[in-house]
Amino acid sequence: MMLKGRELFMAMIAAIFIIGFITILSFDGGMNRSGDNPLPPKWRNVGIQPKEETIETQTDIPKLHNTGNQMPDDQQYIGGEGTTYDKNRRKLPRIKKGAINPFNKIDKVYKENEDLNKERSLKIREEMKFCWDKYREIAWGYDELRPGERRGNDWFGLGLTIVDSMDTLFLMDLDKEYKEAKEWVENVLNHRKDTGRKVSVFETTIRFLGTYITMYSLTGEQLYLDKGRDIADLLLYAFQDNSPFPASFVSLTDHKVSNQQWAGGCIILCEPGSMFLELNELSRITGDPKYKKYSDQIVDALASMRPSIPGLYPTLVSQDGSRFCNNQVSVGAMGDSFYEYLLKMWIYQDGVEERYSELFQRSADSIIKHLYKVSKQGDGFITNLEGNSVTNTQEHLTCFAGGMFMLAAASNITGNDEKSALYMQVGENVTRTCAKIYNLTPTGLGPEVAYIDPDSGDIRFNGYKAVSYYILRPETVESIFIAYRLTGNTEYQDLAWKIFEALVEVCRTENGYVGLNDVSNNWSINDNQQSFFMAETLKYLYLTFQPSSVVPLDKYVFNTEAHPIEIQYKN
């Protein structure tokens, strides 16, 4: 459905950001985050503003096992206030036999290079096994492994690496290792044990609940459905005082909640904005609509808020949804997966709730208008907005947006071929720039934040506005994987392989994988084998060399922790 009039005006503004010099440690980061303020000092100094009014190709894939619990077809996707099920709505492309599949253009080139693809995917699989074996040997039961110190590290106290890695082990046919993980989850893991700490609602949703609903889809085993329902019921205690958004942290034992102290009582945009997929899918497979109702109240509240630039939401919002708490916009840290989930909810639901399409298009168009820049050297990138000024930075976290724009093009969410072509161009340009940043560093690995000089176009990974550490992040290889699947261009495979080789050469130690404190050298390590390295980075690298039938993009969307969720087509 094409936008008209006022909607088109609102949809043609854009933005994205991130607060410079930041890390994502509170979410998708993975350093020790015990306590209520796990963020580094630079991230705590976000200015809080005074309160103000703001106004079908068939492939052989694992199928969801129907246990009889699923919601009846006419009761799934009960929309939020004012939404209806329109059979004439815009839907995902229907691929007829023999027709071009916009989500898969690799079959011919994959076959032509099948031996090389098998060889490379096998090597990536071997590194996954190495990571698992070292974690199993040194840090079993802890959240993550610290290879340099040869010890485990906890910030959940719930065996995070075991849970987060399960679908990667399953997809790679690492049967022995998957069995070890499953047995631990079944016989040892207790979400309700007293760990003495609160957990991040955001991180627990995407990593634990995301894994459980994926594993239930892949296996049909009741274990995962029960675990998913249990962890979700505990997370719902974060919704208190009739606020539409959950608190940032919740205790799984006494149910007490708290928010980031540095945020002045406000919450980070991507925290509530990254629960849609998981809660909707849990309602579908359990037959219990309550989870979706919490998701609906979040999106209802966000949709009612009016940022000064339509579609570009500041990174801090009040928990009651009445106002924005700062004037910084980011498609990277603190904002990223909110924008990602607007698109992926529309794909997951096959367009049933059109508000996701409207919200996404408004945001995407504003991102292009206000945040997408092309440097003097022709490199396309997405920067952040601080007040009225762009930062001229490209965050590693924002590199996922390349894949986001390409998926938006392939799904034809706008119904406009010209707009889809623009989305595809922006997505590829951002992906290539993120890969180029890797290639420019002495280690071949990308910094947390790169600075693009507005006068020369030079890319800097040290110094002014740059943040030089690397913690095994997945966003660049995520977009490279999507670009390869959607274009069939094997140059993207070459980019992925070069990054993998750099990882092996620089980050592999005798006891596991570590990050770097500075991508200029490999001697100062960030001593943590992040769970997302196994859940996301190695998974995306592996899939880049697998046939299209392994997690096909016209059948699945990935949550923001790379756990695939099956698309629910509606005829």
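**Entry 1: helix H14**

I started just past the end of H14, where Asn 412 takes a positive phi of about 55 degrees. The model I am reading is a predicted one.

I then went back to the helix itself. H14 covers residues 400-411, and for these twelve residues I expected a span of 16 Å at 1.5 Å a residue. The end C-alpha atoms are 17 Å apart, which agrees.

Next I looked up its burial. Twelve of the twelve residues of H14 are buried, so I noted the helix as mostly covered, with buried meaning under 20% relative accessible area. Among the buried residues are Phe 400, Met 404, Phe 405, Met 406 and Leu 407. Gly 402, Gly 403 and Ser 411 are also on that list.

What covers the buried residues of H14? I found that the cover includes four helices and a strand: helix H12 (336-348), helix H13 (354-371), helix H15 (417-440), helix H16 (475-487) and strand E10 (380-382).

**Entry 2: helix H18**

I ran the length check on H18 as well. Its 13 residues, 531-543, should span 18 Å at 1.5 Å a residue, and the end C-alpha atoms lie 18 Å apart, which agrees. H18 is mostly covered, with 13 of its 13 residues buried.

**Entry 3: Asn 117**

I looked up Asn 117, which sits in helix H4 (residues 114-138). Is Asn 117 buried or exposed? Its relative accessible area is 2%, and the cut-off for buried is under 20%, so I recorded Asn 117 as buried.

I then listed its polar partners. The side chain of Asn 117 meets the side chain of Gln 493 in a polar contact of 2.8 Å. The Asn 117 side chain also reaches the backbone oxygen of Tyr 110, at 3.3 Å. With neighbours within four places in sequence set aside, I have Asn 117 in contact with Tyr 110, Gln 493 and Phe 545.

**Entry 4: two sheets**

I traced an open sheet of three strands with the order E8-E11-E12 and antiparallel pairing. Strand E8 (328-329) and strand E12 (389-390) are at the edges; each has a single partner strand, so one side of each has no neighbour in the sheet. E11, residues 385-386, is joined to E12 by two bridges, and the two strands run antiparallel. I noted Ser 389 in E12 as the bridge partner of Glu 386.

I traced another open sheet, also of three strands, in the order E13-E14-E15, with antiparallel pairing. Here strand E13 (393-395) and strand E15 (459-460) stand at the edges with a single partner strand each, so one side of each is left without a neighbour in the sheet. How many bridges join E13 to strand E14? I count three between E13 and E14 (residues 449-452), which run antiparallel. Glu 395 stands opposite Val 449 in E14.

**Entry 5: whole chain**

I closed with the chain totals. The protein chain has 18 helices and 21 strands. Of its 571 residues, 65% are buried. The exposed area of the chain is about 20200 Å², of which carbon and sulfur atoms supply 47%.

I also looked up the confidence values. The mean pLDDT of the chain is 88, and 85% of the residues reach 70 or more. Over residues 1-84 pLDDT stays under 50, and for that stretch the model has 295 contacts beyond four places in sequence.

Terms used
Residues are numbered from 1 along each chain as its sequence is written. This is a predicted model: local features need pLDDT of at least 70, side-chain atom pairs count only at pLDDT 80 or more; totals for chains, interfaces and linings use all residues. Side-chain values use heavy atoms; hydrogens and water are left out. The expected span of a helix is 1.5 Å times one less than its number of residues. Buried means under 20% relative accessible area, exposed over 50%, partly exposed in between (1.4 Å probe, protein chains only). Contact means heavy atoms within 4.5 Å. pLDDT is the predictor's confidence in each residue, from 0 to 100. Two strands pair if DSSP finds at least two bridges between them. Accessible areas come from the Shrake-Rupley method with a 1.4 Å probe; for residues, only the protein chains shown count as cover. A polar contact is a pair of N or O atoms within 3.5 Å; within protein, one must be able to donate a hydrogen and the other to accept it, and residues adjacent in sequence count only if both atoms are side-chain atoms.
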